[in-house]
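User: I would like to go through this model by asking about single residues. Please keep the answers short.

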Amino acid sequence: MNKCKKMGGLECRIALAYSNQCAAMAYPKALGGKKHLTQFNGPSRQEAETGAIRLCASMNGEACEATYSNCTEPVLIMP
């Protein structure tokens, strides 16, 4: 939430929750104006970042960068 506010966000909220996978968020490089934050999940950090950046660029019509990416540890549940 703090990072969102530092980037000028006025309506910051939790946009992504994930487990047993990787996730990334991307935002346009140029700040200002109404922009769309995008999120993408994938089996690896690189695939999640690439997906988020591509989706962001297509939604915003400009270059984007990954602003967050991480993977959770897999959890094995035995019946």
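Analyst: One definition to start: a polar contact is a pair of N or O atoms within 3.5 Å, and within protein one must be able to donate a hydrogen and the other to accept it. Note also that this is a predicted model.

User: Which residue has a side-chain polar atom 3.5 Å from the backbone nitrogen of Cys-56?

Analyst: Beyond four places in sequence, Cys-56 touches Ala-26, Tyr-27, Pro-28, His-36, Thr-38, Gly-61 and Cys-64. One of these offers a polar side-chain atom 3.5 Å from the backbone nitrogen of Cys-56. That residue is Thr-38.

User: Is Thr-38 buried or exposed?

Analyst: Thr-38 sits in strand β2. Its contacts farther than four places in sequence include Ala-24, Ala-52 and Met-59. Buried means under 20% relative accessible area. Thr-38 has 2% relative accessibility, so it counts as buried.

User: Which elements give two or more residues to the largest nonpolar core?

Analyst: Seven residues make up this core: Cys-22, Ala-24, Ala-26, Ala-48, Ala-52, Cys-56 and Cys-64. The elements contributing two or more of them are β1 and α2.

User: What is the accessible area of the nonpolar surface patch that includes Leu-55?

Analyst: Leu-55 belongs to helix α2, residues 45-60. Its relative accessible area is 33%, so it is partly exposed. Leu-55 forms the patch with Phe-40 and Met-59, and together they have an accessible area of about 250 Å².

User: How far apart in space are Leu-31 and Met-7, C-alpha to C-alpha?

Analyst: Leu-31 lies in the loop between β1 (22-28) and β2 (38-42). It counts as exposed, at 55% relative accessibility. Leu-31 and Met-7 are 24 residues apart in sequence, and their C-alpha distance is 7.9 Å.

Key. Residues numbered from 1 in each chain as written. Predicted model: local features only at pLDDT ≥ 70, side-chain atom pairs only at ≥ 80, totals over all residues. Heavy atoms only, no water. Patch = residues over 30% accessible without salt bridge, like charges linked within 9 Å, V, L, I, M, F, W, Y side chains within 5 Å. Areas by Shrake-Rupley, 256 points an atom, 1.4 Å probe, with all protein chains shown as cover. Salt bridge = Lys/Arg side-chain N within 4 Å of Asp/Glu carboxyl O. Helix = DSSP H or I, 4+ residues; strand = E, 2+ residues; numbered from the N terminus. Buried < 20%, exposed > 50% of the residue type's maximum accessible area, 1.4 Å probe, protein only. Core = buried A, V, L, I, M, F, W, Y, C linked by side-chain atoms within 4.5 Å. Contact = heavy atoms within 4.5 Å.
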